[in-house]
Amino acid sequence: MEEGSSESGQDGGALSAASVGTEAVAAAAVVRKTVKMSETRDFIPCASEGDYSRSSGSSAAAAAQPDVASCTGSSEAAPRDDADADAEIHHTPDYARRAPAARLRIAPLELFSAAPSPPAAPRPPAKAADAEDAADDGAAAPEAGAGGGAQEGAMGCQIARTDKGNGDCCGQLRQEYDSLLREKGECRRVLEDLMRENDLKTKECHEAQTSLRDLQMELMRKSMHVGSLAFAVEGQVKEKTRWRQLLKDLSEKFKALKTEHQILLKESEEYKKCLSDATQMTTTIHQYMSQYASLESEFKDLKEKFSEEAKEHKDLYNKLIELKGNIRVFCRCRPLNTEETAEGASMAIDFDSAKDGELIVRGHVSSKKVFKFDSVFNPEEDQEKVFEKTAPFATSVLDGFNVCIFAYGQTGTGKTFTMEGTEGARGVNYRILDELFRVVKDRHDLFQYEITVSALEVYNEQIHDLLLTGSQPSTTTKRLEVRQVAEGVHHVPGLVEARVANMDEAWDVLQTGSKARVVGSTNANEHSSRSHWYTLCDGQRRKLDEWRAHKQ
Ligand SMILES: Nc1ncnc2c1ncn2[C@@H]1O[C@H](COP(=O)(O)OP(=O)(O)OP(=O)(O)O)[C@@H](O)[C@H]1O
């Protein structure tokens, strides 16, 4: 009993450690023995001998044996008397004995959840083996005792050896032993129930573990799926950001396009109005064009009529001039100058008694001479009056007639003044050219004229071109001659003909020639012209249609 008691105390510590999951590992470090469930069943009868250390955590029935301290896991629990223990077992109620077993049920679950079961521990060293052998020995006796009458006989002998000479005690012990046997049977049943329950739970645990693994795999798959989903979501977020930016840009573009559309809409409305106006204008233009076409044909008829009328007018006009006389002579009397007045001279011409075209020169006493002219201009008549009589010749020139206007008279009588005049009182040359260009302008829609002017002087019976620079009598210049080219037509070959487009140009050319003239002084005229000055004006006329065709 001492040996068994001591082992019981030691194993009780191991049992108590096995009853709590974490302590079981520490206890296993003290005594490690792997017991199969099938072995446990055979091992259980030893519990009746108090050797509960043989059972592993699954031998929950053995937990009913230790005291409360050992059940709470205290490995320090001191060994107790067998009698006390037996009494305690005997009097321990069923629910109290099952409580540790109920706790033990937790252990496999915890082991499964923590880690797979460790491999079977190697057999403990010799000391542990001895303890095991001792336990085996201890177990063998109860096994044999539990076997039948022989075993009971052996037990009786043992009791007899233990307490020889105490017969009362032996009977009591037998009773106790019987009760212990009953208890043992009951414990075995409980243990078997617990083992079945344990198997069931183990199976459930395995199933739970399998489902846990499945769940873990599922979780892993889900995690991976979630990961891939997160990656996809991240991509979608990026894509969404990009699309949002794109949408923003498009919105701005859309706004700009909308504004542009509004502007274009307004413009299109304006264009519509313009289009209707343009349509109206087109209609009006078409009307005007048809009117213009009819007017043009009418104008053409009128133009032809006008040409005919103009031709007729020209013929009549020139006939009138011929009737008036191809050669007309006018007489102009200049006023007395200051010198003549100072000398006491008086006017010898009687203008008061003179009739139209008559010039009466008073002589001595009552004698007088009468001269007949086409016109007579008295001293009071100015340049304008003189020109009125010569103006029609400008039209004759442009009608293609040769006209010559010249002044003849004594030195200082006013030839230059009449023909050239001064800046304030232009003479015939200036005015006839002005009239010439005026008529050209009037006829611009019928005829195109090209006017040229030349200026020459005859001095000492030599002809000088006044438009040539340095053309003076002293210089060696080419001699010009007057040649007759046709009946009544004379020409000076080699003479400069300056083409002029208007009056200003023509006058500039004539001024150039005037400055080149040879001048001197006479008794009658301080600035006497010492030469004969000819201003030639030539015109070529083309009908406008012919001229345009010629230009092309
Ligand atoms: N009708 C007139 N009214 C006022 N002054 C005139 C008139 N005619 C001529 N004179 C003046 O008489 C002067 C002489 O005239 P002008 O030089 O024209 O004579 P001329 O006949 O050309 O002389 P020449 O033959 O010597 O050149 C000039 O001073 C001129 O201003």
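**Figure 1. Helices H12 and H15 are oblique to each other in this predicted model.** The view shows H12, residues 383–390, packed with H15 at an angle of about 50 degrees, the two axes lying 10 Å apart. An angle of this size falls between 35 and 65 degrees, and the pair is therefore classed as oblique. H12 passes H15 in a right-handed crossing. On the H12 side, the contact is formed by Val-386, Phe-387 and Thr-390, which meet Val-428, Arg-431 and Ile-432 of H15. Classified by residue type, this contact has 4 nonpolar, 1 polar and 1 charged residues.

**Figure 2. Helix H15 also packs with helix H16, and the two axes come within 10 Å.** H15 spans residues 428–442 and H16 spans residues 503–515; their axes cross at roughly 150 degrees. Because this angle is over 145 degrees, H15 is roughly antiparallel to H16. The crossing of H15 and H16 is right-handed. From H15, the residues in the contact are Asn-429, Tyr-430, Leu-433, Asp-434 and Phe-437. Their partners in H16 are Met-503, Ala-506, Trp-507 and Leu-510. The residues of this contact divide into 7 nonpolar, 1 polar and 1 charged. The spacing of contact positions along a helix can be read against a general rule: an α-helix has 3.6 residues a turn, so residues three or four places apart point the same way.

**Figure 3. Lys-415 is a buried residue of helix H14 and belongs to a binding site listed by UniProt.** Lys-415 lies in H14, which covers residues 415–419. Lys-415 counts as buried because 21 other C-beta atoms lie within 10 Å, where 20 or more are required. Beyond its neighbours within four places in sequence, Lys-415 is in contact with Ala-407 and Gly-409. Gly-427 is 12 residues away from Lys-415 in sequence, and the two C-alpha atoms are 9.7 Å apart in space. The unreviewed UniProt entry gives the "binding site" as Gly-409, Gln-410, Thr-411, Gly-412, Thr-413, Gly-414, Lys-415 and Thr-416.

**Figure 4. Thr-411 and Gly-412 lie in the loop between helices H13 and H14.** Both Thr-411 and Gly-412 are among the residues that UniProt lists, in an unreviewed entry, for the "binding site". H13, which precedes this loop, covers residues 392–398. Thr-411 has 12 other C-beta atoms within 10 Å and is therefore exposed, since 12 or fewer meet that class. Gly-412 has 18 C-beta neighbours inside 10 Å and so counts as partly exposed. Lys-415, from the listed site, is by contrast buried.

**Figure 5. The loop between strands E5 and E6 holds Asn-460 and Glu-461, each with a positive phi.** E5 covers residues 447–459 and E6 covers residues 462–465. Phi of Asn-460 is about 55 degrees, although Asn-460 is not a glycine. Phi of Glu-461 is near 60 degrees, again a positive value in a residue other than glycine. As a general matter, most residues other than glycine have a negative phi. Asn-460 counts as exposed because 9 C-beta neighbours lie inside 10 Å. Glu-461 counts as exposed as well, because 6 C-beta neighbours lie inside 10 Å.

**Figure 6. Helix H10 is hardly covered, with 6 buried residues among its 158 residues.** H10 runs over residues 167–324. Its buried residues are Tyr-177, Lys-184, Cys-187, Leu-191, Leu-194 and Asn-198. An unreviewed UniProt entry lists residues 177–211 and 240–323 as "coiled-coil region". Over residues 177–211 the chain is 100% helix and 0% strand, and the C-alpha atoms at the two ends are 48 Å apart. Just after H10, Gly-325 takes a positive phi of about 125 degrees.

**Figure 7. The protein chain as a setting for the close-up views comprises 17 helices and 12 strands.** Of the 552 residues in the chain, 17% are buried. Among contacts between residues at least 6 apart in sequence, 65% join residues at least 24 apart.

Note on methods
Residues are numbered from 1 along each chain as its sequence is written. This is a predicted model: local features need pLDDT of at least 70, side-chain atom pairs count only at pLDDT 80 or more; totals for chains, interfaces and linings use all residues. Helices (H or I, at least four residues) and strands (E, at least two) are DSSP runs, numbered from the N terminus. Two residues are in contact if their C-beta atoms, placed from the backbone, lie within 7 Å. Axes are lines fitted to C-alpha atoms, for helices over the stretch in contact, and angles run from 0 to 180 degrees between N-to-C directions. Angles under 35 degrees count as roughly parallel, over 145 as roughly antiparallel, 65 to 115 as roughly perpendicular and the rest as oblique. A crossing is left-handed if the near helix is turned anticlockwise from the far one by less than a right angle, and right-handed if clockwise. Ala, Val, Leu, Ile, Met, Phe, Trp, Tyr, Cys and Pro count as nonpolar, Asp, Glu, Lys and Arg as charged, and the others, Gly among them, as polar. UniProt positions are given in the numbering used here, feature names are shortened, and annotations may be inferred rather than shown by experiment.
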